Amino acid sequence: MSIGAVMDPRFNLKLLNYCFPVIYLLEGQSEKTLAHLNVVLHDLYQEYVVEDSKMKGMTQDSSQISSSDKYHYSDDKEIPAGMSEYEAFIRESGATLEPVKSELDEYLSEGIFILNESSSKNFDALSWWKGNSGKYPILSRMARDILVVPLSTVASEATSSAGSRVIEPHRSCLKNETIEMLLCGADWAREIYGLKKSCQKKDLKPVEIILLV
């Protein structure tokens, strides 16, 4: 949910910077959680970068020359006289070219997309990313994959009831990831096969559900 909030241009990291200190009251806990989220975001983005490189059949360039600048270089051109001294002067003056920011860093450094109250209700983050896919070709695919994940809209009482059936005395030591998998997996299976949680009919035939992991 935190990553999904970051991928919404109306919130970015600003929402988490506001909410985490309210949610995590222990000293330093909000900063630690934000730092962990930042690492997860960059690791996830890097996976998309690697996948994009494989799709294009290219390897990542470790130099500081951007993809648009590298076409200005040619191996058959002679170096003008005095260029080495000029480059040495630039390095000493501290006016060297900064490393090119990644799409993720560029997006996180931008301001949030502010709308008025009426427009905010009709705002579609997926449409926004589609419109900005030219600026963020890799990040837009990552945002699309994250934002299309359906969120559960069940009431809190129903969630607690379902949780009590999963976390029973014999399974009270399940990991958080396992509990989330059981709850979400059951909801998704019922949605796919059109099943209901409660049914009073007794003449229904049993339905076999095969979950592919």
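Let's call a residue buried when its relative accessible area is under 20%, exposed when it is over 50%, and partly exposed in between. That yardstick helps as we walk through the charged pairs of this predicted model.

How many salt bridges are there to look at? Taking a side-chain nitrogen of Lys or Arg within 4 Å of a carboxyl oxygen of Asp or Glu as the rule, the count comes to four. Let's go through some of them.

Start with Arg141, which pairs up with Asp52; their closest N and O atoms sit 2.7 Å apart. Arg141 belongs to helix 8 (residues 137–147) and Asp52 to helix 3 (residues 29–56), so this salt bridge ties together parts that are 89 residues apart in sequence. Now check the two ends. Arg141 has a relative accessible area of 25%, so it counts as partly exposed. Asp52 comes in at 9%, which means it is buried.

Next, find Asp8. Its partner is Arg10, again as a salt bridge, and here the closest N and O atoms are 2.7 Å apart. Is Asp8 buried or exposed? Its relative accessible area is 8%, so Asp8 is buried.

Finally, go to Arg144 and Asp145, whose side chains meet in a salt bridge at 3.4 Å, N to O. Arg144 is partly exposed because its relative accessibility is 43%. Asp145 has 32% relative accessibility, so Asp145 is partly exposed too.

Terms used:
Residues numbered from 1 in each chain as written. Predicted model: local features only at pLDDT ≥ 70, side-chain atom pairs only at ≥ 80, totals over all residues. Heavy atoms only, no water. Buried < 20%, exposed > 50% of the residue type's maximum accessible area, 1.4 Å probe, protein only. Helix = DSSP H or I, 4+ residues; strand = E, 2+ residues; numbered from the N terminus.
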